[in-house]
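Biologist: Could you take me through one part of this protein up close? I'd like to know how the chain is divided up, and then zoom in on a single residue and the sheet around there.

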Amino acid sequence: PVPTISWRKVNGHNPSKARLRKSQAVLEIPNVQLEDAGMYECKAENSRGRNVFRGQLQVYTYPHWMEKLNDTQLDSGDLLRWECKATGKPRPTYRWLKNGVPLWPQSRIETINGVLMIHSVNLSDAGMYQCLAENKYGTIYASAELKVLASAPSFPLNQMRKTIIITKGQEVVIECKPQASPKPTINWKKGDKPLRESKR
């Protein structure tokens with residue numbers, strides 16, 4: 001006799017959006033998502049007995065960004081740390097490009113699982129960077145620019161006052177605030193002689 005057919009998801013519930021057609025012989029799952037993956041079982045029974053078929057549904061996804069890059073401006077000598085994060089199945093792998101050319105690990109450059117670190121950046125590190133996340137279903141790109149600042153010390157906005165008049169016995173504060181990249185070392189002199197710290 002014609003069998004009755006039933007479907008079930010082994011170790012779980014049938015997706016609520018699932019539909020059965022053609023006298024329950026066909027299981028349809030519209031808009032498949034990762035959580036729909038699993039083992040499905042079709043059971044056919046009549047008065048003479050029953051038979052069971054099991055099939056594995058595997059769901060794969062295109063890579064999708066969770067975390068992208070941002071344009072960054074650093075002083076020369078600083079550490080650059082950029083991180084790309086993408087989801088996907090199979091899990092995406094990452095590659096880095098600088099100005100469209102593959103970026104390989106070097107003495108100052110590390111790339112580990114979507115993280116790029118450049119130690120002690122200099123002007124040669126400036127440029128456009130791309131992170132690629134890819135699996136066998138596709139590749140996605142994220143881009144950002146690195147600007148590296150390098151300038152000799154100057155005092156365009158914070159000139160020291162040429163003359164400071166102060167009453168004997170009061171405290172005086174003289175500020176030295178140069179613009180420079182990287183951060184400069186500062187030394188004080190009185191006349192031609194280096195100024196040493198004392199109790200005062």
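Modeller: Sure. In this predicted model, the protein splits into domain 1 (4-57) and domain 2 (62-149), and the centres of the two, taken over C-alpha atoms, are 44 Å apart. An unreviewed UniProt entry carries the annotation "domain: Ig-like" for residues 1-53, 63-147 and 153-200. Residues 63-147 are 62% strand and 0% helix, with 28 Å between the end C-alpha atoms. For residues 1-53 you get 49% strand, again 0% helix, and the ends sit 19 Å apart.

Now for the sheet. Five strands make an open sheet in the order E7-E15-E14-E10-E11, and the pairing is mixed. Strand E7 (72-75) and strand E11 (101-102) are the edges: each has a single partner strand, so one side of each has no neighbour in the sheet. E7 runs parallel to strand E15 (residues 138-149), joined by four bridges, and Thr 72 faces Leu 146 of E15 there.

Leu 146 also brings us to the residue I'd zoom in on, since Asp 125 is in contact with Leu 146. You'll find Asp 125 in the loop between strand E13 (115-118) and strand E14 (127-135). Loop or not, Asp 125 counts as buried because its relative accessibility is 4%, with the cut-off for buried being under 20%. Beyond its neighbours within four places in sequence, its contacts also include Lys 98, Arg 108, Ile 118 and Ser 120. Closer along the chain, a polar atom of the Asp 125 side chain lies 2.9 Å from the backbone nitrogen of Asn 122.

Technical notes:
Residues numbered from 1 in each chain as written. Predicted model: local features only at pLDDT ≥ 70, side-chain atom pairs only at ≥ 80, totals over all residues. Heavy atoms only, no water. UniProt positions renumbered as here; feature names shortened; annotations may be inferred. Helix = DSSP H or I, 4+ residues; strand = E, 2+ residues; numbered from the N terminus. Domains from an automatic or database assignment. Buried < 20%, exposed > 50% of the residue type's maximum accessible area, 1.4 Å probe, protein only. Polar contact = N/O pair within 3.5 Å; in protein donor to acceptor, adjacent residues only side chain to side chain. Contact = heavy atoms within 4.5 Å. Pairing = 2+ DSSP bridges.
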